[in-house]
Amino acid sequence: MAALVLEYYVLLRSILRAKPHLRACLTRCRHCGIFFLTHPRNACRHDLRCPFGCREAHRQWASAQRSAAYYGDAEGKRIKSKLNERRPRKYRAPEPPSERPRPPARRRRGPRWNPLMVEYVRMVASLIEGRRISRGQVLRMLARKLRQHTLCRRRQIDQTVAWLHEEPP
Ligand SMILES: [Zn+2]
């Protein structure tokens, strides 16, 4: 993990060297302290949370807090029990298994990326390139990178295996 963060910082530094105008977009997560690029509309803000997990975690926490505050007091409890009463509780017999064979599950193409991260990568890539990058372009780029990475790893493993054959432990 530390190596990954180091790699990220090296990359971030080279981006800021090449595009000094993006320095205004550089900010630090108020929760974990990591540096990251934010949208120009948030330039110079120092109260933001990073897109690598802190922002989403805080959003979920705030939402849980709101809901607890709303249903927490006595009046809230009354409202909630009323809501529960209103919910229909009809008995439904289990459905017989359908005769038709199920359509084969569609195979997903490629890995599933975290949509929040994809959007962040899209925003930063657009900032760096100075033009609008689409979600599709980001997904294609990520797929390409992953393929290269897998290929690279495979080559490393092959080399290690070859080396072990030559010089068994
Ligand atoms: Zn953070």
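1. Buried residues of helix H1. In this predicted model, Leu12, Ile15 and Leu16 are the buried residues to note in H1. Seen down the helix axis, the buried residues of H1 fall within an arc of 95°, so they line one face of the helix. The cover over these buried residues includes strand S1 (26-28), S2 and helix H4 (115-129).

2. Opposite face and length of H1. The face turned away from the buried side of H1 carries the exposed residues Ala3, Leu6, Glu7, Leu11, Arg13, Arg17 and Ala18. Among them are the charged residue types Glu7, Arg13 and Arg17 as well as Leu6 and Leu11. The helix comprises 17 residues, 2-18. From its first C-alpha to its last, H1 reaches 24 Å, which is close to the 24 Å expected at 1.5 Å a residue.

3. Zinc site. Four cysteines supply the sulfur donors of the zinc ion: Cys29 (SG), Cys32 (SG), Cys50 (SG) and Cys54 (SG), at 2.3 Å. Along the chain, these donors follow the spacing C-x2-C-x17-C-x3-C. The arrangement is tetrahedral because the 4 donor atoms subtend angles of 103 to 114° around the zinc ion.

4. Accessibility of two zinc ligands. Cysteine 50 has a relative accessible area of 1% and is therefore buried. Cysteine 54 stands at 13% relative accessibility and also counts as buried, because the cut-off for that class is under 20%.

5. Threonine 38. This residue lies in the loop that runs between strand S2 (35-37) and helix H2 (54-72). With a relative accessibility of 3%, threonine 38 counts as buried. The side chain of threonine 38 makes a polar contact, at 3.5 Å, with the side chain of asparagine 42. Leaving aside residues up to four places away in sequence, threonine 38 touches Cys25, Thr27, Leu48, Met123 and Leu127.

6. Cysteine 44. The loop between S2 and H2 also holds cysteine 44. Its relative accessibility is 58%, so cysteine 44 counts as exposed, whereas threonine 38 is buried. The backbone of cysteine 44 deserves a remark: phi is near 70°, a positive value in a residue other than glycine.

Terms used: Residues are numbered from 1 along each chain as its sequence is written. This is a predicted model: local features need pLDDT of at least 70, side-chain atom pairs count only at pLDDT 80 or more; totals for chains, interfaces and linings use all residues. Side-chain values use heavy atoms; hydrogens and water are left out. Helices (H or I, at least four residues) and strands (E, at least two) are DSSP runs, numbered from the N terminus. Buried means under 20% relative accessible area, exposed over 50%, partly exposed in between (1.4 Å probe, protein chains only). A polar contact is a pair of N or O atoms within 3.5 Å; within protein, one must be able to donate a hydrogen and the other to accept it, and residues adjacent in sequence count only if both atoms are side-chain atoms. Contact means heavy atoms within 4.5 Å. Donors are N, O and S atoms within 2.8 Å of the metal (3.2 Å for Na, K and Ca); water is not among the atoms, so sites may look incomplete. Four donors count as tetrahedral if all angles lie between 85 and 135 degrees; four count as square planar and six as octahedral if opposite donors are over 155 degrees apart and all others between 65 and 115; anything else is irregular. The expected span of a helix is 1.5 Å times one less than its number of residues. The arc is that of the directions from the helix axis to the C-beta atoms.
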